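Please work through the exercises below with the model open beside you, and try each task before reading its solution.

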Amino acid sequence: QNQKTKEQIENLLQNGKHKELRDRLCCRLTFGTAGLRSAMGAGFCYINDLTVIQSTQGIYKYLERSFSDFKQRGFVVGYDTRGQVTSNCSSKKLAKLTAAVLLAKDVPVYFFSTYVPTPFVPYAVQQLKAVAGVMITASHNRKEDNGYKVYWENGAQITSPHDKEIIKCIEECVEPWNGSWNDNLVDTSPLRQDPLKKICDCYMEDLKKICYHREINMQTNLKFVHTSFHGVGHDYVQLAFKAFGFQPPIPVPEQKDPDPDFSTVKCPNPEEGESVLELSLRLAEKESAKVVVATDPDADRLAVAEQQENGCWKVFTGNELAALFGWWMFSCWKENCSKDADVKNVYMLATTVSSKILRAIALKEGFHFEETLPGFKWIGSRVKDLLDNGKEVLFAFEESIGFMCGTSVLDKDGVSAAVVIAEMAAYLESKNLSLAQKLIEIYETYGYHISKTSYFLCYDPPTIKRIFEKLRNFDAPQSYPKFCGIYNILHVRDVTTGYDSSQPNKKSVLPVSKSSQMITFTFQNGCVATLRTSGTEPKIKYYAEMCALPEQSDRAVLEEELQKLIGALIENFLEPDKNGLIWRS
């Protein structure tokens, strides 16, 4: 019933574009590391009114089967500020259709009356004891994309087997039901409630549990600039700073209000560093603000920059921020825990492609560190298990600037991370230290962890498959490489096939993940490098880290060694020229 997407298909048909029609209509959306994500537009593998209705019908069917009290407990729906005129698609409209499918089936729906940060949906699912929730967002993806993120009753993103079962249910009911198109049910149904005020108030109150230095926050002269990257973050970060006793951060005026075109940045991903933080850094210089916090468009991730004594800006990587957060959350725990608290009951987590710095801190301080597969959905589920078993989880992260401070939200959260880093900066400033200086102290205490993460673009799935198959059959069939250029490989772990040469039974401890490619190499020189495909974009990503012991503190030597190894990895394993890969600009 969407005229715009209907016309797109009709035009392709009239113009004889049969290949594009096949591409659009002959495959369905599947659950990646962050739910369903694709370009907005016509077709079954795109995000549009119809595919959102179909997905919600499948979810309804699966939840009805899974929960006898589904119609008492209800379902949460949130959305960001994305939109596309050419396909008459906006996050709010898709959220209304999601709600319509459920309301038409007499399911109570908690539908937010305005855009919210992604973490508000998993938070609301737990607070309202709903059976599940959906957030319509494509996070930091390009403006053409949108997505559909599903949370289970435990407040974590769905993992296997739920995702596979939901896909089966979607395929069983692709014809829209009566009422599924009725998007004004949101305004007329008595079963719809607006949870905005309650959830926002409770969230800000819960946030105070991880505020440890309110007096310093109230008195600090440190100024902060915040950019919300044309997304949802502005109002919520302002409230979070207020909850911690801070003066409000200075907003970047050109980026404070929602804009689905993200018109002041080449891409709405704060991970891209200084090039996309230009407006924030210039404003900070003008306002004499030393720290910039940037939330991505759906406010679930956080970038941080700090002005150094020489006037230059340091944009921290996700791994560097994790070292700071890990140190901070543990120090605050230690200062505030009861006398009989057991450090062995304390946990921190990271995805396997992230820095091992938390492992080094854990070894020295006596708490537990665990790794999961890439994607916060695995962290959320594992944290819930640990909490249910009486453990205390202080912090979890993924290197792509996703942080979970505390356990009020079992997903990454840029709003809480922004205000925690502000408190950390204010505390350090009262001790005449900067974030960058503290980071060096952490590395000198626990060992330097120098990492580099980047990617190549590849729009041809068969090429990606060929690259990884070659690594599995390198010098001979079913044999992995033993060297990468001059570098000796000690161990290989292939999560796609479940192989791990370091285990006595040669089986990977992490669960097998057949749907995506991921191989990790451990080198004799202490470097760990992973090649994997992105779950949300057409990228081959590489992650490499040198983990040194505290006594090996010559950073320059470690950095040079890492750089050379990455060069060898690209030249020997990815072969960008031969495979037509596009270098990250």
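The exercises that follow concern a predicted model and deal in turn with helix packing, sheets, local backbone geometry and cavities.

**Exercise 1. Describe how helix α3 packs against α7 and against α5, giving for each pair the angle, the axis distance, the handedness and the residues in contact.**

Solution. Two packed helices are described by the angle between their axes and the distance between the axes, so these two values are the place to begin.

Step 1. For helix α3 (residues 49-66) and helix α7 (residues 162-172), the angle is about 115 degrees and the axes lie 7 Å apart, and the crossing of this pair is right-handed.

Step 2. On the α3 side, the contact with α7 is made by Q54, S55, G58, I59, K61, Y62 and R65, which meet H162, E165, I166, C169, I170 and E172 of α7. Sorted by class, this contact of α3 with α7 holds five nonpolar, four polar and four charged residues.

Step 3. For α3 and helix α5 (residues 91-103), the axes come within 9 Å and cross at roughly 35 degrees, and the crossing of α3 and α5 is again right-handed.

Step 4. Here α3 contributes D49, V52, I53, T56, Q57 and Y60, while α5 contributes K93, L94, L97, T98, V101 and L102. The class count for α3 with α5 is seven nonpolar, three polar and two charged residues.

**Exercise 2. Determine the strand order and the edge strands of the six-stranded open sheet.**

Solution. Step 1. The six strands follow the order β1-β7-β6-β2-β5-β8, and their pairing is mixed.

Step 2. Since β1 (36-39) and β8 (192-193) each have a single partner strand, they stand at the edges, and so one side of each is left without a neighbour in the sheet.

Step 3. At the β1 edge, four bridges join β1 to β7, the two strands running antiparallel, and L36 stands opposite Y148 in β7.

**Exercise 3. Carry out the corresponding analysis for the open sheet of five strands, and identify a helix that packs on this sheet.**

Solution. Step 1. The order is β10-β9-β11-β12-β13, with mixed pairing, and the edge strands, each of which pairs on one side only, are β10 (250-251) and β13 (313-315).

Step 2. Strand β9 (residues 224-227) runs parallel to β10 and is joined to β10 by two bridges; the bridge partner of H226 is P251 in β10.

Step 3. The helix is α11 (residues 233-243), which touches β9, β10 and β11 (291-295) and whose direction makes about 150 degrees with that of β9.

**Exercise 4. Examine the peptide bond from S160 to P161 and the phi of N88, and place P161 and N88 in their loops.**

Solution. Step 1. The bond from S160 to P161 is cis, with omega near 5 degrees, and P161 is found in the loop between β7 (145-152) and α7.

Step 2. Although N88 is not a glycine, its phi is positive, at about 45 degrees; N88 belongs to the loop between β3 (83-84) and β4 (89-90).

**Exercise 5. Which residues lie nearest the centre of the largest cavity, and which strand supplies the largest share of its lining?**

Solution. Step 1. The structure holds three cavities of 30 Å³ or more, and the largest cavity has a volume of about 110 Å³.

Step 2. Of the 14 residues that line the largest cavity, V353, S354, V528, Y543 and E545 lie nearest its centre.

Step 3. β23 (527-533) and β24 (539-547) each supply at least two lining residues, and the largest share, four residues, comes from β24. By class, the lining of the largest cavity has six nonpolar, six polar and two charged residues.

Conventions: Residues are numbered from 1 along each chain as its sequence is written. This is a predicted model: local features need pLDDT of at least 70, side-chain atom pairs count only at pLDDT 80 or more; totals for chains, interfaces and linings use all residues. Side-chain values use heavy atoms; hydrogens and water are left out. Axes are lines fitted to C-alpha atoms, for helices over the stretch in contact, and angles run from 0 to 180 degrees between N-to-C directions. A crossing is left-handed if the near helix is turned anticlockwise from the far one by less than a right angle, and right-handed if clockwise. Contact means heavy atoms within 4.5 Å. Ala, Val, Leu, Ile, Met, Phe, Trp, Tyr, Cys and Pro count as nonpolar, Asp, Glu, Lys and Arg as charged, and the others, Gly among them, as polar. Two strands pair if DSSP finds at least two bridges between them. On a 1 Å grid over the protein atoms alone, a cavity is a set of points where a 1.4 Å probe fits but cannot get out, and a pocket is an open set with protein on both sides within 12 Å along at least five of seven lines; lining residues have an atom within 4 Å of a point. Grid points are joined across faces, edges and corners, and a volume is the space filled by probe spheres set on the points.
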